[in-house]
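The report below is meant to be read with the sequence and the coordinates at hand. It takes up the two protein copies, their sheets and the surfaces that face the DNA.

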There are 2 protein chains.
Amino acid sequence: MEKSKSSRNQEQVIYDRLFDVILEQKLQPGARLTEEPLAEIFGVSRTIIRRVLLRLSHEGVVEIKPNVGASVVMTSPEEVAQFFEARKVVEGALASMITGKLTPYQVEMLYSMVREESRLFEMGNRAKGLRKSTEFHFYLVEAAGNQPLAEMAKKLIARTSLIVSQYNLSGSGGCACNDHSALVEVIVNGQPDEAESLMREHIDHIQHGLFLKDKSVETDLYALLKPE
Amino acid sequence: MEKSKSSRNQEQVIYDRLFDVILEQKLQPGARLTEEPLAEIFGVSRTIIRRVLLRLSHEGVVEIKPNVGASVVMTSPEEVAQFFEARKVVEGALASMITGKLTPYQVEMLYSMVREESRLFEMGNRAKGLRKSTEFHFYLVEAAGNQPLAEMAKKLIARTSLIVSQYNLSGSGGCACNDHSALVEVIVNGQPDEAESLMREHIDHIQHGLFLKDKSVETDLYALLKPE
DNA sequence: TCAACCCAGATTGTATACAATATAAAAAAC
DNA sequence: GTTTTTTATATTGTATACAATCTGGGTTGA
């Protein structure tokens, strides 16, 4: 039964690994994910890799083009606005729901995550810092105990994290991470609608720190070469 | 290329067919979906059926237990509250977003769907009526033009529709369908927060029309046979 | 020189064979 | 007669073989 457990988790392990690598920006949006090499790397058949890629595509992290294959999903500028708006709706509501209702343990957990995040950024470890920032939001949206809302929020957070990695020049950016401690503060001591507003503002900050220049080759070429 | 198109759509066709059958309550929650018969029915190999079932499971319509198989998802009473809460958040926000912003065509479309729905219920065709009711909500959440929010809302609507079919005794229930015309009314002529409130109330109506008795066999037996 | 075309290699799509596992019924033991 | 064990059947899980399709490079023709 040890065997069955480990073979069952195998797929989960591969999924987690890929998800991690993508979210840490080791694989940038647009990067191809060909099945055979992945199968080789993880020592399984393409069947398993296919399942994982399918799951990642349903999760919105990977895009599968028929007969072409999987790649890390790219987001167009118009979609970007929609994803951030969606985040405001869901995470705003969740922030409001948990205001004044967190256990001392949860509060301490959040503060410790904020400290860890600051530390990483100060050390200049931007990749890990961004990852911690994502985990902060993950923890927050799970705190309400509403699984469907938490799942949706996590999908949106992951996607916007990819968006940041697509549009932010690698050096710059970084989350305004003192925002996070202010957020915890108001969620612990403030009123629900205050928390909702602050969360929406915070997401706004992230959004407006982006350089929304379309990098897609087609569009650039079209804009450059158009007769008139 | 006609060929490739049709074979590519094949999977989509199977998915749609299963989704429809489940949402029209021809397959009740808990019903098993074994791969081989499905493959037989649709004239494809298990590979395709597996992909469809995997997708339905990611969509939250089907549950896949390892080494056991797929079945229409069942929802526990605790989860029910979470799904309805999630619907209130997402659909409430969407109702607010579209208030006063629909095109005349969209408004006419919504009214015509409400009329069709009423007609079906009056004819006593409950199954089709419920389906139309679902489509009304689908159309509404797409009207805002925010794809991520619309997708999430549609998933939640589908799931709550399943919940209704799991918990409502087959004869009773039915959506309070004059609610729908009032909703359109306020979305067209009212204020955003009025629309949001009314949408939340409407979802509340659906929720509180349920009989939240746990039908699961184990629980019943345990409660019945326990010594003291 | 440029365009269209075609071919080879690589990659994905599907079916199928076989292994692993669960379920339920029959047999054995108490 | 009841419980446990065993066994048979059905079902899912995985790997692999082969077919369909795409991609890019080279060739041909104007």
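What follows describes the relation of the copies, then the sheets, and finally the DNA contacts.

This is a predicted model, in which local features need pLDDT of at least 70 and side-chain atom pairs count only at pLDDT 80 or more, while totals for chains, interfaces and linings use all residues. Residues are numbered from 1 along each chain as its sequence is written, chains are lettered from A and ligands numbered from 1 in the order in which they are written, and side-chain values use heavy atoms, with hydrogens and water left out.

**The two copies**

A turn of 180° with a shift of 0.1 Å along the axis lays chain B on chain A with an RMSD of 0.1 Å, the superposition being by least squares on the C-alpha atoms of residues with pLDDT of at least 70 in both. The two copies are thus related as by a two-fold rotation axis. Both copies use the same surface, since 100% of the contact residues of chain B recur in chain A; contact here means heavy atoms within 4.5 Å.

**The sheets**

Helices (H or I, at least four residues) and strands (E, at least two) are DSSP runs numbered from the N terminus, and two strands pair if DSSP finds at least two bridges between them. In chain A, 3 strands form an open sheet in the order β1-β3-β2, with antiparallel pairing. Its edge strands are β1 and β2 (62–65) of chain A, each of which pairs on one side only. β1(A) is joined to strand β3 (residues 69–72) of chain A by 2 bridges, and the two run antiparallel; Leu33(A) stands opposite Ala70(A) in β3(A). β2(A) and β3(A) pair in the antiparallel sense over 4 bridges, and the bridge partner of Glu63(A) in β3(A) is Ser71(A). These two strands, β2(A) and β3(A), form a hairpin with 3 residues between them, and Asn67(A) in the turn has a positive phi of about 65°.

Chain B likewise has an open sheet of 3 strands in the order β1-β3-β2, with antiparallel pairing. Because β1 and β2 of chain B stand at the edges, each with a single partner strand, one side of each is left without a neighbour in the sheet. α3(B) packs on the sheet and touches β1, β2 and β3 of chain B, and its direction makes about 115° with that of β2(B); axes are lines fitted to C-alpha atoms, for helices over the stretch in contact, and angles run from 0 to 180 degrees between N-to-C directions. Strand β2 (residues 62–65) and strand β3 (residues 69–72) of chain B pair in the antiparallel sense over 4 bridges, where Glu63(B) has Ser71(B) as its bridge partner and Lys65(B) has Gly69(B). In the hairpin of β2(B) and β3(B), with 3 residues between the strands, Asn67(B) takes a positive phi near 65°.

**The DNA-facing surfaces**

A residue is near a strand if one of its heavy atoms lies within 4 Å of it. Of the 17 residues around DNA strand D, Ser45(A), Thr47(A), Arg46(B), Arg50(B) and Asn67(B) come nearest, whereas of the 17 around DNA strand C the nearest are Arg46(A), Arg50(A), Asn67(A), Ser45(B) and Thr47(B). Of the atoms of DNA strand D within 4 Å of the protein, 72% belong to sugar or phosphate and the rest to bases, and for DNA strand C the share in sugar or phosphate is 72%.

The table lists polar contacts, each a pair of N or O atoms within 3.5 Å.

| Protein residue and part | DNA atom | Distance |
|---|---|---|
| Thr47(A), side chain | base nitrogen, strand D | 2.7 Å |
| Glu35(B), backbone | phosphate oxygen, strand D | 3.2 Å |
| Asn67(B), backbone | phosphate oxygen, strand D | 3.2 Å |
| Arg46(A), side chain | base nitrogen, strand C | 3.0 Å |
| Ser45(B), side chain | phosphate oxygen, strand C | 2.6 Å |
| Thr47(B), side chain | base nitrogen, strand C | 2.7 Å |

The elements that give two or more residues to the surface near DNA strand C are β1 (32–33) and α3 of chain A together with α3 of chain B. For DNA strand D, those elements are α3 (46–58) of chain A together with β1 (32–33) and α3 (46–58) of chain B. The residues of the surface near DNA strand D divide into 5 nonpolar, 7 polar and 5 charged, and those near DNA strand C into 5 nonpolar, 7 polar and 5 charged; Ala, Val, Leu, Ile, Met, Phe, Trp, Tyr, Cys and Pro count as nonpolar, Asp, Glu, Lys and Arg as charged, and the others, Gly among them, as polar.

Notes: Polar contact = N/O pair within 3.5 Å; in protein donor to acceptor, adjacent residues only side chain to side chain.
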